[in-house]
Amino acid sequence: MAETTPMNVRNEEMEAVEEEEEDSWIPLTPPGQQKFASHSIGDNHNRPVDDSKSVSTTKTSWYHGFALFGDSSVALAMSGLLLLVALATSAFLHGNLPFTENLSPEEIAYRALGPTPIIASSIIYEMFPTSTQQPLTLSEEMILAFERDGVIAIRGLLDANTLDALDRASMRLVEEQKQKNQAKTQEKAKIFNGRKSQGSQFYTVRQNAIFLPSDNENTTSPFVEVAMMSAIPKLAASLLQSQQSPETCTNETVRILRDIFLAKDEDQYICGWHVDDIGFWPALADAPGVNAWIALDDMPIENGGGFALAVGSHKAPWRYDAYELTGSTHSFPEGGFTSSKDILHNRPGNGTCNIKDAAPHLQRRMEETKRIYNIKRGDVIFHDRWLFHRTVPFERDAVSDRTVNNDEPLVFRRYSVRYGPGSSIIPPGYGTEPSVISLAENGGKSADDVARDDAAWYPKVFPSVDVAELHSMKGLAMERLPAAMEKSEDRKRRIRPRRTRQH
C-alpha cells in the first residue's frame, strides 16, 4: 500500500476509506470513475466507491501507471516482467528477434500473416417454403453472416418431391459414368503398359446439367426445376444484391453462368484450396458471384467426402497473393489467350489446385480457418465466388470399413450452380467456354448480351425466368451444345498441365 499522509492531517472520512482499502486492494482508476471493491464476504461486496472521497495526497511516480498487480515494488516488478514477455512474444511472432533467423522461409511468411482470425461457429439455418407461395427472404443475421464469412448454409429449401426427382436424375448420370469406366477398364487391360493412372477428384462431372433433356417433353428437368425455379435462385439473387450498391442493383438481372453435377468417390485426389477459374466460372474477375452447392446425399463430417470452406478468405488481405500464385481469373490477360500454346506457356501461377506447393503458408492459414458443415441431403451451401474452398477426401477408416464388409464404394453427390449478374463479361479469346467456341463473338460480351444476340447459354433466373429462353435452351441442347462441348473437352486435354496431388 502507498505511504499515507501524517495522522494530524487526516480527517475521519479519509480514515474510514483507508480502513476499507486495507480489506481489499483497489486498482488505480482515473478520477471521476467508479471503482468496485471485490470482497468474498461482507456487506461491501461490489459496492461502488466514490473516488472523490478516497483522494490521497501521496505523490506517485509516473511508472506506477503501468502497474498491473498493485503499486508495491514487487507488484511493479511483476508488471514490468509481464510487459517484457508480451513485447518479446510479439516480436517473435513477427520474426523480429535474432533467434527467428533459424526459422524456415515458410514459417516467416506464415507469421507475417498475423494472428489466426477467430471464425464464427458453424450454423445451418432452416427455411421451409410455405403453401402460400410467399417468397422466402433472408434474415438480417443471415446476410451479415454471409458478408462476414463469405458463406451460409440453409436446410429445407427443397421439398421431398423435388429432391426425389433430382435424386433419380443424378443417379442416372452416376450409372452412365460407371458403364463408361467399365468400358475404359476393359480397353486399358488390352493395352496395359504398367503405369498407374493418375487419380481423379470426382467420379462424375457433368457440366451444363440444365441442358439435359427431361423424361417428359411437357415438363422441365429436375436440374432446371432446382437451378431456375426453386427458392434457391431467388436467395442467391438476394445475396448478390447485398454485395452491390443500390445503384448497381437497379434493373440488374441474375443468370446461371455454370451448373455442374459432381459425384465424389473414394479416390484421395482433390483439388487444393482454390477459387474457380474461368473453366468453371466463365466471367471476368470484376463480376461478383454466388455459388449454390446442393448436397444430394448425407455427408457426415466423420466420413469425409464433403465440402470445406476457408471462412473469411474472400476478404483476407493475402487473397490477391493467392490469386496470383494459382493463376486465377484475376490474371486473365486483356483480350484473352490466343492458343493452347499461349495458355501453356504464358498462364501465370502454379495452377488452380496447387496452393499447397505454391504457398504453404497460405495453405496452412486456410486449413486453420476452414469450416466443414455436417451436411444432410437437400442442404444448400451458398458461398461467395471468391471464397477459397476445396473438396474433402473420404476418411480412410470409412473406406476401409466398407471394403472389409464388401459394401458398395462411397459416392457423395452434389449439384453446384454458379449465379452471377447479367452484366458479367464472358472471357474472350481461346479457351474452353462452349458459347465462345460456338460463336467467337460471344467472348467479351455480357451474359445479358449473349442471350439477346445469340442464345440462352446463360439463362436468366431473376427477376423471373424467361419462357423464350427455356425454348432457346432446348434448341442449344439439340443443335449446338454437343459439338461445342466435344471441342471444349478436346481443348481441356490440350491445355491441361501436370498436376500435383493434394493430400
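**A guided reading of the predicted model**

Over residues 189-196 the pLDDT, the predictor's confidence in each residue from 0 to 100, stays under 50, and the model has 0 contacts (heavy atoms within 4.5 Å) beyond four places in sequence for this stretch. Residues 1-59 also have a pLDDT that stays under 50, with 52 contacts beyond four places in sequence. For the protein, the average pLDDT is 82, and 76% of the residues score at least 70.

This is a predicted model, in which local features need pLDDT of at least 70 and side-chain atom pairs count only at pLDDT 80 or more, while totals for chains, interfaces and linings use all residues. Residues are numbered from 1 along each chain as its sequence is written, and side-chain values use heavy atoms, with hydrogens and water left out.

The secondary structure comprises 17 helices and 13 strands; these are DSSP runs, numbered from the N terminus, with helices (H or I) of at least four residues and strands (E) of at least two. Among contacts with a separation of 6 or more, 77% come from residues 24 or more positions apart. Of the 503 residues, 44% count as buried, that is, under 20% relative accessible area, against over 50% for exposed and in between for partly exposed (1.4 Å probe, protein chains only).

Helix H12 (residues 360-368) offers a local view of burial. Its buried residues are His361, Leu362, Gln363, Arg365 and Met366. The cover over them includes helix H3 (105-111), strand S8 (307-310), helix H9 (319-326), helix H11 (355-358) and strand S9 (370-372). The charged end of Arg364 sits over the ring of Tyr110, 3.7 Å from its centre; the rule asks that NZ of Lys or CZ of Arg be within 6 Å of the ring centre and within 35 degrees of the ring normal.

Aromatic rings are the next topic. Rings of Phe, Tyr and Trp (its six-membered ring) pair if their centres lie within 6.5 Å; planes under 30 degrees apart count as stacked, over 60 as edge-to-face and the rest as tilted. By this rule there are 9 aromatic pairs. One of them joins Phe394 and Phe412 edge-to-face, at 4.8 Å centre to centre and with 65 degrees between the planes. Phe394 lies in the loop between strand S11 (389-391) and helix H13 (396-404), and Phe412 in strand S12 (residues 412-421), so the pair ties together parts that are 18 residues apart in sequence. Phe394 counts as buried at 2% relative accessibility, as does Phe412 at 7%. Elsewhere, Trp318, Tyr320, Tyr323, Trp386 and Phe388 form one aromatic cluster.
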